[in-house]
Structures are given as C-alpha cells and as structure tokens.
Amino acid sequence: MTTQPEPDRLHHLLDRLRRGVLLEAEAAQLATAVTMLLARLADQDGAADIAVRAIRLMNEAGVQRDAAEARVRELEAADHIANLILGVRDEHVAALEQRVAELTAGQCTHALAVCEQHHHQPVAGCPYPRCKAAAARTTA
C-alpha cells in the first residue's frame, strides 16, 4: 500500500486481527497502514507543536505591540501637553514684552511731562531722569 489506506479496508483488517484469522499478506498490509498512520500522526504532532509556538510568538508580539502603542499614546499626550504649555508660555512672554515696551515708552513720556508739571527747573532729589541727569551735571 503506497497510498493512504481506506477506512473500510482498515476496519476489515482489524476485525480479522481480533478474530485471529489474519493472513500473512493482510498482516503486512495492516503493518504498512499502521506505519503510515503513525507517520501521519507524528507529522500532525510536529505541525501542532509548530502551530503552538507560532501562536505563542504571535501573542508575545501582540503584547509588545500593545505596549509600544500605549507608549506612543503616552508620548503623544506628553508632547501635546508640552506644546500647550509652550504656547501659553510664549503668549505670556509676548504679553509681558508688549507690556514692558508700553511701560518703558510711557515712562519716558510720562516722566518728562510729570517732571515739567511739578517744576520747570531740575530739582535735586527728583526721581525723574531729567532732574537726575541735571543734578549729576551740577555736582560733577
């Protein structure tokens, strides 16, 4: 027998074996069939082992993929938060720079006007730049 034995033929040979009336040629056929079935069983066991290993590897890869995706989401969230913080910081810096520019410009104009409003001639001890400069020139 070079091909897979037919189930009916195997049952017939098995029945004859159990009854003890198996002929020598039938015993050879049965031995060949059993050998083929054992080889097939070994192939299936080997294939099953390979399948089990493949499934385990796929599961491990899935766990690693899930962990990597979770880490990517964490990093994206952290990046988003950092960008929000930097945006708020940049807005505050721009607002402060604008306010400093306004105060500096206003101080120069305001200081001179207030100084001239209080006294027409520079006065020692006056906190405004015009008077301080004049006081420094007179003492030098």
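A salt bridge here is a side-chain nitrogen of Lys or Arg within 4 Å of a carboxyl oxygen of Asp or Glu. Searching the whole structure with that rule turns up six of them. Keep in mind that this is a predicted model. The fold is helices and nothing else on the secondary-structure front: three helices, zero strands, running α-α-α from the N terminus.

**The protein overall**

- There are 140 residues in the protein, and 11% of them count as buried.
- The accessible surface adds up to about 11,300 Å², with 62% of that belonging to carbon and sulfur atoms.
- Take the contacts with a separation of 6 or more: 24% of them come from residues 24 or more positions apart.

**Helix α1**

- Helix α1 covers residues 7–19, which makes 13 residues.
- From first C-alpha to last, α1 reaches 18 Å, close to the 18 Å expected at 1.5 Å a residue.
- Its buried residues are Leu10, Leu13 and Arg16.
- Looking down the axis of α1, those buried residues fall within an arc of 130°, so they line one face of the helix.
- Flip to the other side of α1 and you find Pro7, Asp8, His11, Arg18 and Arg19, which are exposed.
- Right after α1 comes Gly20, with a positive phi near 75°.

**Glu26 and its surroundings**

- Glu26 sits in helix α2, which spans residues 24–118.
- With a relative accessible area of 11%, Glu26 falls under the 20% cut-off, so it counts as buried.
- A polar atom of the Glu26 side chain lies 3.0 Å from the backbone nitrogen of Leu23.
- Skipping neighbours within four places in sequence, Glu26 is in contact with Arg9, His12, Leu13, Arg16 and Val21.
- Two of those names, Leu13 and Arg16, are also on the list of buried residues of α1.

**Salt bridge Arg16–Glu26**

- The side chains of Arg16 and Glu26 pair up at 2.7 Å, N to O.
- This pair links distant parts of the chain, with Arg16 in helix α1 and Glu26 in helix α2, 10 residues apart.
- Are the two partners buried or exposed? Arg16 is buried, and so is Glu26.

**Salt bridge Asp15–Arg19**

- Asp15 and Arg19 also meet through their side chains, at 3.2 Å, N to O.
- Both belong to helix α1 and are four residues apart, so about one helical turn separates them.
- Asp15 has 37% relative accessibility and counts as partly exposed.
- Arg19, at 53%, counts as exposed, because the cut-off for that label is over 50%.

**Salt bridge Arg89–Asp90 and a network**

- Arg89 and Asp90 form a side-chain salt bridge at 2.7 Å, N to O.
- Arg89 is partly exposed, with a relative accessible area of 46%.
- Asp90 also counts as partly exposed, at 42% relative accessibility.
- Elsewhere, Arg65, Asp66 and Glu69 are joined into one network by salt bridges that share partners.

Definitions and conventions. Residues numbered from 1 in each chain as written. Predicted model: local features only at pLDDT ≥ 70, side-chain atom pairs only at ≥ 80, totals over all residues. Heavy atoms only, no water. Helix = DSSP H or I, 4+ residues; strand = E, 2+ residues; numbered from the N terminus. Expected span 1.5 Å × (residues − 1). Buried < 20%, exposed > 50% of the residue type's maximum accessible area, 1.4 Å probe, protein only. Arc of directions from axis to C-beta. Contact = heavy atoms within 4.5 Å. Areas by Shrake-Rupley, 256 points an atom, 1.4 Å probe, with all protein chains shown as cover. Polar contact = N/O pair within 3.5 Å; in protein donor to acceptor, adjacent residues only side chain to side chain.
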